[in-house]
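Biologist: I should like to understand how the structural terms are assigned here. May we take them one at a time?

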Amino acid sequence: MMHTEAPGATIALTVNGEPRAIPEGSTLADLLGTLQLDPRLIVVEHNREILRDRDAYSTLELVPGDILELVHFVGGG
């Protein structure tokens, strides 16, 4: 019998309107780390809901079909 979850399996989701494949089991914190984004400087919308609890990023496992919008704050004056 074949095991369907192959090592290195990926899931498909959308980040800022672009399709992206990430490793299965990745959390939001993993994704931000891969993108080299500082969670303190990002506003995340996950499936049309703004996430206000940054502490939850490390426990929010992303699943196929998730839609994320990441808005990066830029300082200046």
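Modeller: Certainly. This is a predicted model, in which local features need pLDDT of at least 70 and side-chain atom pairs count only at pLDDT 80 or more, while totals for chains, interfaces and linings use all residues. Residues are numbered from 1 along each chain as its sequence is written, and side-chain values use heavy atoms, with hydrogens and water left out.

Biologist: What makes β1 and β2 paired strands?

Modeller: Strands (E, at least two residues) are DSSP runs, numbered from the N terminus. Two strands pair if DSSP finds at least two bridges between them. Six bridges join β1 to β2 (residues 18-23), so the two are paired, and they run antiparallel. One of the partners is P23 in β2, which bridges to T10. The two strands form a hairpin with two residues between them, and N16 in the turn has a positive phi of about 50°.

Biologist: How do you know that β1 also pairs with β5?

Modeller: Two bridges join β1 to β5 (residues 67-72), which satisfies the requirement of at least two; these strands run parallel. In β5, I67 stands opposite T14.

Biologist: Which side chains of β1 are buried?

Modeller: Buried means under 20% relative accessible area, exposed over 50%, and partly exposed in between (1.4 Å probe, protein chains only). Along β1 (residues 10-15), I11, L13 and V15 point to one face and are buried, whereas T10, A12 and T14 point to the other and are not.

Biologist: Why is the contact between R40 and D38 called a salt bridge?

Modeller: The term requires a side-chain nitrogen of Lys or Arg within 4 Å of a carboxyl oxygen of Asp or Glu. The N to O distance is 2.7 Å, so the contact qualifies. The structure holds one salt bridge.

Biologist: Why is R40 called exposed, and D38 partly exposed?

Modeller: R40 has a relative accessible area of 64%, and is therefore exposed. D38, at 24%, is therefore partly exposed.

How values were computed
Helices (H or I, at least four residues) and strands (E, at least two) are DSSP runs, numbered from the N terminus.
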